[in-house]
Each structure stands twice: as C-alpha cells, then as structure tokens.
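Trainee: Could you take me through one part of this model up close? I'd like to look at the salt bridges, and then see what surrounds them.

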Amino acid sequence: MQDGEIIIERQGTTGVIRLNRPRALNSLTLPMIRTITEALHGFASDAEVAAVVMTGEGDRGFCAGGDIRALHESARTGDGLAATFWREEFRLNHQIASYPKPYVALMDGITMGGGVGLSSHGRHRIVTERTRLAMPETGIGYVPDVGATWLLPQAPGESGTWLGLTGLDIGAADAIHAGLADRQIASSRLGEVIDVLSALPRGSTSGDVDAVLQALSEPAGESRLSQNAAMIDRTFGFDSVEEILAALAGEEGDFAAETRRVMLTRSPTSLKLALTLLRAGRRSASLAECLSRELGACLQMLDNPDFFEGIRAAVIDKDRNPKWSPASVEAATVERFLKPAEPPLSL
C-alpha cells in the first residue's frame, strides 16, 4: 500500500511502514498519522506478521517531527486541525508503547519531536552513526510532548531534564545513555536488518528480534551526557529554571557555559512549562497520564504568542531571532497552561 506520504508493505513476516516525505525530513501530517495507526492495527491482527519496522525514506532523517508550518497555520486560523493532530498523534504514541508485537524503529538521521514519539516508545529502538536526536520544542515557543514527559524523567540522573530544557541534539551514544534507544547499527546495514527480520518465523518473540538486532549491532562509543553527568545532576536537580541557570553560571567548563547560553535563547515560558511538566512526569504512574497532561498544555499553547513567534523565526521568516514575550524567565508564568484538555484524551 502506498499513499504518497506513507509506504506500507509486507516483507516476509515483517510489516514495514516507511515515512515518505524525505524532502520535508519525513515530518508528520495528520493523514500520515491516520495511515500509520491503521497499518499498525492491521499488522497486529495479521497472524503472518511477526514484527513491524518503522523507517524513514531518504538519507537525511527518520522523522523531524510534526509539520509545524501546518500547526502554525491552524493555530492562526483556529480551524481545529492542530488540536486534532495532537490528539491523534498522542493516541498513536500510546498505541506504539503498548503494541502487542515486536516494534522496531530505525532512527537513522534526524529524529526529533514527533519522530521521538514514533520511535522511543517502541520495544526495539535502533540508532546509527548518523542519528541526531532532540526534543527541540523550547526553541520554538512550545514544550516537549509526544510522551516525552514520561520518557525523559526516566533517563539517568538529570540528563532528561537537560534534553528537555536545552532542546540540543544528541548522537547515538547519548540516545542510548538516556534510554531513548537500545542499540547502534551502521546505517549501511539497515536494509539487512529488514531482510533478516523478514525471515523470522511467524510467532517470533521480542527475544528473537533482539537476537537479530544484537548480531548486527556495533559499539556506540562514548556518551557526552555520561561524561558530564555529575555537572548535569548538580545543576539540573532544581525545580525552578532560575535556580538551574544560577547553578550553571557557577560551573566551570565549556559544556556548562554552552548549556546556559543555549537556555537563555529559549522561550522563558516554554522553559518554565517544560520543567513543570517534566517534574510532574517524574511523579506520574503511566504514559497515559503524561500524554493527557501534555495535551492540556498543548491546547493552551495555541493562544501563546511565543508559539507563533518561535515558528515564525524558525521556519517561516527563518531569521532565527525570536522575540519572546515575556522576555525573561523571572517574568514568565505557566499556571494558565496547566488546564486539563477538554474533552479529555481518549486512549
């Protein structure tokens, strides 16, 4: 099956879903989300399918996230598409996390935002030497979503807080360290991954799939987050952005200085809201709870001037010079973004 933006096929006993917008770094649209959801339901009920692989076409990225131009336009016109997109995307994230068959995500190249949602909730998450993974939302006046407030608090120490607030991209070793990926396999061998999986017998288990992936994997190298773990834990263990920035100012070394410099370019409101959601996620009992909380915040973001300004600066005018309102962390408040979604998210 092929609808242009998504290619769905069966190779032996493996169901393959290919994101097919390579010129847009496979950014997700609402029709793509619906097609993926339908395909996953179909593969789950097909006794001949032993495993499912999610991959992206092109050699630049697995998935750069949601189509933020479309979300920006929807927020501007109030046509409701953005709210529908998030509801259906979050349901898909939950579907992937609870998928009954082995689900393999090939996170080759750029994997950001919604791309993390398509991959890091899966049972088998593969990165390559080309992977650049990030939750960059604070840089566009938004917040980490797609269940990131469930995933990031489970990362070692405060590395997930660092990822969620800075929005900086990381490579394969850091993704594995943060618990967002499991193994590194060379990009040149990803076709082989699908070929070998397609020969598995029907009824194969996650253990069978993992044995295939382990045989093809390679060392991921050193993790920069691991090397800087002590500093990250010292500075990001606070429950206010102001305290984190002050702690970073007292640290020596380039890593701390660059971290602080980047945070000061992010939306102050997004920083405060992201930290609030990450701390709430740490106390949560389930992914569903975090997704529901995120949806409430996302819907409130549709009236946030930083959401419009961040996307304008990043992808419309591309001047990379957003004017945040308010412009300081001290002046930013987040209470209005913490309203539950109406109607509640149905999972």
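Mentor: Searching the whole structure, which is a predicted model, turns up 23 salt bridges. Let's take a few of them one by one, and start with Glu88 and Arg34. Their side chains meet in a salt bridge, with N to O at 2.8 Å. What makes this pair handy for a beginner is where the two partners sit: Glu88 belongs to helix 3 (residues 81-97) and Arg34 to helix 1 (residues 30-44). They are 54 residues apart, and the pair links distant parts of the chain.

Now check how covered each partner is. Glu88 has a relative accessible area of 17%, and since buried means under 20%, Glu88 counts as buried. Arg34 comes out at 43%, so Arg34 is called partly exposed, the class between 20% and 50%.

Next, go to Arg312, which is involved in two salt bridges that we can follow. One is with Glu309, where the closest N and O atoms are 2.8 Å apart. Here the partners share an element: both Arg312 and Glu309 lie in helix 16 (residues 305-316). They are 3 residues apart, about one turn of the helix. Both Arg312 and Glu309 are buried.

The other salt bridge of Arg312 is with Asp319, and the closest N and O atoms there are 2.6 Å apart. Is Arg312 buried or exposed, going by its relative accessibility? The value is 19%, so Arg312 just makes it under the 20% limit and counts as buried. Asp319 is partly exposed, with a relative accessible area of 39%.

Salt bridges can also join up into a group. In this model Glu158, Asp239, Arg279 and Arg282 are linked in a network of them. Try picking out those four in the viewer and tracing how they connect.

While you're at helix 16, have a look at His72 too. His72 sits in helix 2 (residues 68-77), and its relative accessible area of 11% is under 20%, so it counts as buried. What does His72 touch, leaving out residues up to four places away in sequence? The list is Phe308, Ile311 and Ile316. Those numbers fall within residues 305-316, the range of helix 16.

Now carry on into the segment after helix 16, where a few backbone details are worth a stop. Some background helps: most residues other than glycine have a negative phi, and most peptide bonds are trans. Lys318, in the segment after helix 16, has a positive phi of about 60° although it is not a glycine. Lys318 is also exposed, at a relative accessible area of 53%. Asn26 likewise has a positive phi of about 60° without being a glycine, but its setting is another matter. Asn26 is found in the loop between strand 2 (14-19) and helix 1, and at 0% relative accessibility Asn26 counts as buried.

Back in the segment after helix 16, look for Pro326. A cis peptide bond joins Ser325 and Pro326, with omega about 0°. Pro343 lies in that segment as well, and the peptide bond leading to Pro343 from Glu342 is cis, with omega near -5°. Lys323 is found there too, and Lys323 is exposed, with a relative accessible area of 56%. For a sense of scale, the C-alpha atoms of Lys323 and Ser98 are separated by 40 Å, and the two residues are 225 apart along the chain.

Finally, zoom out so these details have a frame. The chain has 16 helices and 9 strands, and its C-alpha trace spans about 60 × 45 × 40 Å along the principal axes. A compact globule of 347 residues would have a radius of gyration near 20 Å, and the chain has 20 Å, so the two agree. Buried residues make up 58% of the chain. Of the contacts with a separation of 6 or more, 74% are between residues 24 or more positions apart. The chain exposes about 13700 Å², and carbon and sulfur atoms supply 50% of that.

One last charge detail, since we began with salt bridges: the chain has 34 positive and 45 negative charges, and their mean positions are 2 Å apart.

Methods. Residues are numbered from 1 along each chain as its sequence is written. This is a predicted model: local features need pLDDT of at least 70, side-chain atom pairs count only at pLDDT 80 or more; totals for chains, interfaces and linings use all residues. Side-chain values use heavy atoms; hydrogens and water are left out. Helices (H or I, at least four residues) and strands (E, at least two) are DSSP runs, numbered from the N terminus. The radius of gyration is taken over C-alpha atoms; the globule rule is 2.2 Å times the number of residues to the power 0.38. Buried means under 20% relative accessible area, exposed over 50%, partly exposed in between (1.4 Å probe, protein chains only). Contact means heavy atoms within 4.5 Å. Accessible areas come from the Shrake-Rupley method with a 1.4 Å probe; for residues, only the protein chains shown count as cover. Lys and Arg count as positive and Asp and Glu as negative; His and the chain ends are not counted. The place of a charge is taken as NZ of Lys, CZ of Arg, CG of Asp or CD of Glu. A salt bridge is a side-chain nitrogen of Lys or Arg within 4 Å of a carboxyl oxygen of Asp or Glu.
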